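Subject: Handover of a structure and notes on its features

Dear colleague,

Please find below the structure I agreed to pass on to you. My notes on it come directly after.

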Amino acid sequence: MTHFEKSPIPAHVPADLVRDFDYMNAPEGVDLYDWWRSIQDGPDVFFTPRHGGHWVLTRHDEIAHVMATPTDFSSRVHTLPAEGKPLRMAPIEYDPPLHTDFRRLLAPFFTPKAIGNLEVRARDLAVSVIDSLKGRGECDFVADFSLTMPIGIFMSLVDLPDGDRLHLLDVAEAIVRGKTPEEQGAGFMQAFAYLGAKIAERRANPGTDMLSAIIHGKIEDGRKLTDNELLGMGALLLAGGLDTVAGMMGFMAHHLATHDDHRQALLDDPGLIPHAVEEMMRRYEIANVARVVTHDLVLNGVAMKEGDCILTATAVAGLDERQYPDAMTVDFARENKRSLVFGKGPHQCIGAYLARTELRVFLAEWLKRIPHFRVKPGAKPIMVSGRANSVHYLPLVWDI
């Protein structure tokens with residue numbers, strides 16, 4: 001079935017809950033998050049025939065419940081469409097207890113001490129890149145900064161050569177935003193080809209990096225990971241490490257470039273930066289992930305069958321007025337800034353503390369060096385939806 005075809009509506013889906021909604025294709029010329037918020041104007045739960053057919057949750061509480069209840073809603077389908085991935089990606093597409101074993105291999109790289117060392121690296125990278133841009137008076141924030149600074153951190157975590165960065169960015173883009181199962185599958189095959197060679201190298205000559213740790217680590221009853229598990233886990237690290245923080249930086253930079261009052265507030269009081277990070281992550285949540293129903297059940301009054309897929313888009317969870325009054329407004333003093341940006345339950349993102357650290361470093365160092373910036377007059381930023389929302393193009397200018 002091609003991307004443009006619609007799947008038949010299952011017999012158990014009420015006709016009045018069917019909507020033609022394609023989360024991978026926001027209309028051009030429409031504000032991305034206005035578009036996400038608009039799906040809350042209909043039923044709290046609806047069904048779309050797109051991407052194999054799946055339910056869509058539009059409210060924070062239901063999304064949080066599904067994310068936190070793996071016995072009812074499995075992560076073995078983590079993105080939609082369900083087809084397109086030749087291998088399962090550990091740990092996010094496994095449920096406890098095996099998920100916990102995979103996660104344990106990564107945990108030493110995300111302790112406060114380990115992140116403290118990475119923060120130094122993040123600050124050095126940020127300062128170096130910003131200083132190289134400052135004298136130009138303009139940049140494409142995405143190409144020149146957000147696809148450079150956080151990715152440098154990831155490359156050091158897994159000890160990959162910086163010269164491979166552009167190739168791996170293309171691979172991650174295909175995995176995260178491939179519009180069809182074929183495009184996504186091609187991205188995975190490129191990832192597996194690259195990772196296969198690196199895995200062979202680290203088997204022979206292990207290092208102290210994260211990739212070496214999972215290759216030589218053990219799970220379950222003391223066994224090592226299979227080749228397929230290694231490739232799936234490596235592909236996840238590529239997709240997550242090369243994409244998500246960069247995407248969030250883009251939305252934050254665009255917000256501050258278009259809201260002088262918020263930017264000035266951070267200039268006047270840099271102590272607000274941690275609050276600003278939490279609130280902008282709430283307002284611009286990016287991960288549009290999925291779950292699959294493990295047995296027949298009823299969710300929010302809607303009967304679902306075993307095998308039904310559900311889109312749990314954090315993008316819409318953060319815009320729920322029932323959870324966040326005046327949700328579309330960014331308010332650094334908002335009392336409740338807790339969000340689902342890193343998920344909830346056993347699959348909560350293990351890299352959350354590192355991501356927050358990188359975002360705080362970015363804001364602090366950028367504002368010190370380029371305090372007043374704006375979107376280039378006449379230019380149009382490009383923001384896209386997908387398995388993760390992203391800023392593809394953000395032309396900024398400032399006075400030298």
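The notes below go from the whole chain to its strands, its loops and finally a single residue.

Please keep in mind throughout that this is a predicted model.

Overall form

The protein chain contains 14 helices and 14 strands. Its C-alpha trace extends over about 65 × 55 × 35 Å along the principal axes. For 400 residues, a compact globule would be expected to have a radius of gyration near 21 Å, and the chain agrees with this because its own value is 21 Å. Of the 400 residues, 57% count as buried. Among contacts with a separation of 6 or more, 72% are between residues 24 or more positions apart.

The exposed surface of the protein chain comes to about 16,300 Å², and 54% of this area is supplied by carbon and sulfur atoms. As to charge, the chain has 42 positive and 54 negative charges, and the mean positions of these two sets lie 3 Å apart.

The hairpin of E1 and E2

Strand E1 covers residues 45–48, and strand E2 covers residues 54–57. The two run antiparallel and are joined by four bridges. One of the pairings places Thr48 with His54 of E2 as its bridge partner. Together E1 and E2 make a hairpin, with five residues between the strands.

In a regular strand, side chains alternate between the two faces of the sheet. In E1, Val45 and Phe47 are on one side, while Phe46 and Thr48 are on the other. These four residues are all buried, and both faces of the strand are thus covered.

His51 belongs to the loop between E1 and E2. Its phi is near 55°, which is a positive value in a residue other than glycine. Is His51 buried or exposed? His51 counts as buried because its relative accessibility is 8%, and the cut-off for that class is under 20%.

The sheet E4-E14-E11

Three strands form an open sheet in the order E4-E14-E11, and their pairing is antiparallel. Strand E4 (138–140) and strand E11 (374–375) stand at the edges; each has a single partner strand, so one side of each is left without a neighbour in the sheet. Between E4 and strand E14, which consists of residues 395–397, there are three bridges in the antiparallel sense. Within this pairing, Asp140 stands opposite Pro395 of E14.

Loops with particular backbone geometry

Two cis peptide bonds may be of interest to you. One runs from Ala90 to Pro91, with omega near 0°. The other runs from Pro96 to Pro97, with omega near 10°. Pro91 is located in the loop between strand E3 (73–74) and helix H3 (98–106), and Pro97 lies in the loop between E3 and H3 as well.

Thr79 is also in the loop between E3 and H3. It counts as buried because its relative accessibility is 9%. With residues up to four places away in sequence left out, Thr79 touches Lys85, Gln184, Ala290 and Arg387.

Glu220 has a phi near 50°, a positive value in a residue other than glycine. Glu220 is placed in the loop between strand E5 (218–219) and strand E6 (223–224). Its relative accessible area is 49%, so Glu220 is partly exposed; the exposed class begins over 50%.

The surroundings of Val391

Val391 is part of strand E13, which comprises residues 390–393. With a relative accessible area of 4%, Val391 is buried. Which residues is Val391 in contact with, leaving aside its neighbours within four places in sequence? These are Val142, Gly247, Gly250, Phe251, Ile382 and Met383. Val391 and Gly250 are 141 residues apart along the chain, and their C-alpha atoms are separated by 5.5 Å.

Yours sincerely,

A colleague

Notes
Residues numbered from 1 in each chain as written. Predicted model: local features only at pLDDT ≥ 70, side-chain atom pairs only at ≥ 80, totals over all residues. Heavy atoms only, no water. Buried < 20%, exposed > 50% of the residue type's maximum accessible area, 1.4 Å probe, protein only. Contact = heavy atoms within 4.5 Å. Rg over C-alpha atoms; globule rule 2.2 N^0.38 Å. Areas by Shrake-Rupley, 256 points an atom, 1.4 Å probe, with all protein chains shown as cover. Lys, Arg positive; Asp, Glu negative; His and termini not counted. Charge placed at Lys NZ, Arg CZ, Asp CG, Glu CD. Pairing = 2+ DSSP bridges.
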